[in-house]
Amino acid sequence: MMEKNDKITKKKRNSSIELLRIIMMLQIIFLHVSAYGDYSDIATQLRGRIELTYWVVWLMCRCPVYIFVIIMGYYLSETKTDFNRSRLLKCYLPMYFYSLAIPILWAIFRPGELDKVTIYKAFLPFLSRTWYFMTLYLLVLLISPFLNKMLRHLDRKEFLYLIGLCFFMFSIWQPLSLISPFDEVIGLQKILSTQGGKSLYDFIYMYILGAYMRRFHIFKSHEDDDKYDLWNNPITYLTGFLLLGLVNVFIVYEYPDNGIVSVVAYNDNPLVVLQCTCLFRFFEKLDISRYERLCTVINFISAGNLGIYMIHEHPLVRRLIWNEIFTIDNINFYSQKFYLIKIFAIILITYVVCWSIDWVRRLIFDGVKKLKVL
């Protein structure tokens, strides 16, 4: 979701991972269709084929948030700088721009609709949590130099121990504390709260996982790359991702009660964490570098992910998109024969329009930089 961080990082990025970033942003928009377009609630009401389709698609789209942080850890853990002000500004300036620009445009075209709280929040996007992801992302950026110093001194065994400890705390202990009858014995009150996998704990957890995969991949070190064909084959990881998603679907239908369904939906569900690992590894091993023109297009498109997220997920724009433009929160829409195609069209329209707006914003920013140089 981040734009390219610096010149060194740009050279190290590969287009396969940039393609992954694009797909993850499309999935994020789908998750917002499910939440704000009431796909989740209506599909469970209609049941049958529509509900099954919903669960299969939705549970295959649980990775975006964690994948973006894994990518962050994968690249930034290798940087040697203690503090990179430029990287922080590349994240924060677009955030501040949209936090101010969207309410200003709203006040111009829809006067009288902004309350004082919204205006105050516009000046404090980081502290007011206008975008929870951006606030957490910036926090991890701020502490990443210290994380990197710590992680740099870990050998593979120590790294695995740390990841195993995080996996137990966030993906085993935490889910069990929410599932009956375990919740009567196991508890996490006043110890940690992960907000369904949307906490600073989880972002650090995924950053560490991304750093590990950069240095040691999953089951072996870089030096062993040529020795195990099975673990070098992208299909191995794609198969693992799909199978884990289907296991989640099975759990939803087999154990509909006692809190398991809500835990399955969390980002830090252990199966989702494994899915994230498999999906990232699939794209890491997927070599498309020989298609130079395709790579150029992918890299160009992926640069707009940050803006796409902030535009369509701003509270004002969110309300406009899902309450006024795409009014799909009704049973009639999801009862249509080709509703999935329409959902895909909505996702593409949202992506393209927001990307185009952010492209203009990037042109403006680049123009300002050139004026500064002059």
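A cavity is a set of grid points where a 1.4 Å probe fits but cannot get out, and its lining residues are those with an atom within 4 Å of a point. In this predicted model, the largest cavity is lined by L76, T79, T81, D82, F83, N84, R87, L88, L141, S144, P145 and N148. Its volume is about 80 Å³, and the structure holds 3 cavities of 30 Å³ or more. Rolling a probe the size of a water molecule over the atoms shows where empty space is left.

The lining of the largest cavity can be described by its elements and by its chemistry. Two helices, α6 (85-109) and α9 (132-152), each supply at least two residues of this lining. The greatest share comes from α9, with 4 residues. By residue class, the lining divides into 5 nonpolar, 5 polar and 2 charged residues.

From the cavity, attention may turn to the nonpolar core. The largest such core comprises 110 residues, of which I67, F133, M134, F159, F280, Y334 and I343 touch the most other members. Helix α5 (residues 64-76) gives the most to this core, with 11 residues. F280 illustrates how such a residue is surrounded: beyond four places in sequence, F280 touches I17, L20, I67, I70, I71, Y74 and M213. One of these partners, I67, is itself listed among the core residues that touch the most other members.

A further position to inspect is L286, which lies in the loop between α15 (270-285) and α16 (292-302). Is L286 buried or exposed? Its relative accessibility is 26%, and L286 therefore counts as partly exposed, since buried means under 20% and exposed over 50%. Apart from neighbours within four places in sequence, L286 is in contact with S16 and P234. L286 and I235 are 51 residues apart in sequence, and their C-alpha atoms are 9.1 Å apart in space.

Finally, the confidence of the prediction should be considered. The mean pLDDT of the protein chain is 88, and 93% of its residues reach 70 or more. Among the elements of the chain, helix α2 (residues 15-36) has the highest mean pLDDT, 96, whereas helix α1 (residues 7-12) has the lowest, 44. Over residues 2-11 pLDDT stays under 50, and for this stretch the model has 27 contacts beyond four places in sequence. Where pLDDT is low, the predicted coordinates should not be read in detail.

Notes:
Residues are numbered from 1 along each chain as its sequence is written. This is a predicted model: local features need pLDDT of at least 70, side-chain atom pairs count only at pLDDT 80 or more; totals for chains, interfaces and linings use all residues. Side-chain values use heavy atoms; hydrogens and water are left out. On a 1 Å grid over the protein atoms alone, a cavity is a set of points where a 1.4 Å probe fits but cannot get out, and a pocket is an open set with protein on both sides within 12 Å along at least five of seven lines; lining residues have an atom within 4 Å of a point. Grid points are joined across faces, edges and corners, and a volume is the space filled by probe spheres set on the points. Ala, Val, Leu, Ile, Met, Phe, Trp, Tyr, Cys and Pro count as nonpolar, Asp, Glu, Lys and Arg as charged, and the others, Gly among them, as polar. A nonpolar core is a set of buried Ala, Val, Leu, Ile, Met, Phe, Trp, Tyr and Cys residues joined through side-chain atoms within 4.5 Å. Buried means under 20% relative accessible area, exposed over 50%, partly exposed in between (1.4 Å probe, protein chains only). Contact means heavy atoms within 4.5 Å. pLDDT is the predictor's confidence in each residue, from 0 to 100.
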